[in-house]
Amino acid sequence: DFEDGNTTSNVIPGWERHGGGGSGNLDSSNGSRVLTLIAGSTSRTHNPLYIPPTVGLLRFNYDVAITSNDDTLDVYVGGAKLNSFPLSESGARSRVVSLAAVSDALALNGRVATVEFRLTSDGSAIDSKVHIDNVSLLSNEFIVNSTADTIDADPGDGVAEDSHGNTTLRAAIMESNALDGDQTIDLPAGTYRLTLGGAGENEATTGDLDVTDTSGRLAIIGSGADVTIIDGNQLDRVFHVSARATLDLDGITVTGGNLDTSTGLAAKGGGIFNSGNLTVISSTISGNSAKEGGGGISTRDGTVSVVITNSTISGNTAFSDGGGIEFNSTTSSTMTITNSTISGNSSVGFGGPGHAGGGLFVSRSGSGSGPTVSMTNTTITNNLSGNSSGGGIRVDRGGNRSRSGAITYAAAAVI
């Protein structure tokens, strides 16, 4: 906000008294005090200011008063251009820009940098006019304050709030999907039960919680697996990690995922279906079921990564392969399991050709060699295979030993 004396905590202060250089004018011609950029007054730079490590986003409003097909509004932080916005359509809009591209430079400069808005043109001269207002710094960390299951009111605005102003888990995931760079969701103790039915949707608005952003890592940090619980409520699987997306779960229980009506990939991964990069730390994946593979976790795609540390995969059921975990991928994919327990899982489709690997099922995807699984200080115990093949672990060689998956052990026990 460009009004003097503004006290909003996240608004960049002092554009008039500490406004740096540039020819952009601060005026009240648009009904409130705004920064106006126009031919002859094309840029404004705020003096260097401290940007805290918790800040990862720059949000601002701009109103295109005079359009141009050749001009753009460019945003700079620390002298580096973050983004350009076309000015071909009139009207007001809000934009959020990630600071991820300048995070290293900010760290080297003690988190001190300038903020600049600049009009540029691909034509011979600037002929647009833009009013800028409400320039603010926002955290890329969302703190959930409600156990309700409601959607984000405006994905991409930099705040993860539903229509009532509450930050819910689903709203925070939707907002993270709409933003670039790394995001963190703090999930306090509580049971977060999914109630918005609608399986098969991939924007996290109904059914499972879809993680789709491929530009950074989403970390969901709970208060401990015994007290922070995400319950799929038997409506759908709990999480779906899209190809090239990255999800970290820390201190969380994932339970109540259920896929009992679909077929193919839509029936895999009762707790988590992963086509990207998944890390599970100090968490529990328990009490989930899938009509096909991967009652707890199913990981399938060309190149994927799974890391499981200090965690428990237990009491999950698949009516095909991999009661606890199904890992079907290529030689470039890896799964690393450390200090963890895989127990009490079942692959229970009796009498069929599959239904193996009660605890863990490993197979290749397509031609070539299969993925690699490494286990250290891990116990696999009391798992059940419906066709008596690999109650604990089944490595499917697919009729060709040169194309099988590989498992390495260090201080691991299969009981």
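Visitor: Why does glutamine 234 count as partly exposed?

Guide: Its relative accessibility is 47%, and since buried means under 20% relative accessible area and exposed over 50%, with partly exposed in between (1.4 Å probe, protein chains only), the value falls in the middle class. Please keep in mind that this is a predicted model, in which local features need pLDDT of at least 70 and side-chain atom pairs count only at pLDDT 80 or more, while totals for chains, interfaces and linings use all residues. Residues are numbered from 1 along each chain as its sequence is written, and side-chain values use heavy atoms, with hydrogens and water left out.

Visitor: Where is glutamine 234 found, and what is the sign of its phi?

Guide: Glutamine 234 sits in the loop between β15 (228–231) and β16, the strands being DSSP runs of E with at least two residues and the helices runs of H or I with at least four, numbered from the N terminus. Its phi is near 65 degrees, a positive value in a residue other than glycine.

Visitor: What makes serine 282 partly exposed?

Guide: Serine 282 has a relative accessible area of 32%, which places this residue in the partly exposed class. The loop that holds serine 282 lies between β21 (277–281) and β22 (284–286), and here too phi is positive in a residue other than glycine, near 50 degrees.

Visitor: Why is threonine 167 called buried?

Guide: Threonine 167 has 9% relative accessibility and therefore counts as buried. It lies in the loop between β10 (141–143) and α2, where it touches Ile143, Val144, Asn145, Ser146, Ala160 and Glu161, not counting residues up to four places away in sequence; a contact means heavy atoms within 4.5 Å.

Visitor: Which backbone oxygen does the side chain of threonine 167 reach?

Guide: The side chain reaches the backbone oxygen of alanine 160 at 3.0 Å.

Visitor: How do you know that β25 and β29 pair?

Guide: Two strands pair if DSSP finds at least two bridges between them, and 5 bridges join strand β25 (residues 305–309) to β29, so the condition is met, with the two running parallel. Valine 307 stands opposite threonine 336 in β29. On to β33 (residues 372–376), β29 is likewise joined by 5 bridges in the parallel sense, and there the bridge partner of threonine 336 is serine 374.

Visitor: Which side chains of β29 point to one face and are buried?

Guide: In a regular strand the side chains alternate between the two faces of the sheet. Along β29 (residues 334–338), Met335 and Ile337 point to one face and are buried, whereas Thr334, Thr336 and Thr338 point to the other and are not.

Visitor: What makes β13 and β36 edge strands?

Guide: They belong to an open sheet of 7 strands in the order β13-β16-β20-β24-β28-β32-β36, with parallel pairing, and each of the two, β13 (209–211) and β36 (393–395), pairs on one side only. The twist averages 10 degrees from one strand to the next, angles running from 0 to 180 degrees between the N-to-C directions of axes fitted to C-alpha atoms, for helices over the stretch in contact. Helix α2 (residues 169–178) packs on this sheet, touching β13 and β16 (239–241), and its direction makes about 20 degrees with that of β13.

Visitor: How many bridges pair β32 with β36?

Guide: Strand β32 (residues 360–364) and β36 pair in the parallel sense over 3 bridges, and valine 362 stands opposite valine 395 in β36.

Visitor: How many helices and strands does the chain have?

Guide: The secondary structure comes to 2 helices and 38 strands, and buried residues make up 51% of the 415 residues in the chain.

Key: A polar contact is a pair of N or O atoms within 3.5 Å; within protein, one must be able to donate a hydrogen and the other to accept it, and residues adjacent in sequence count only if both atoms are side-chain atoms.
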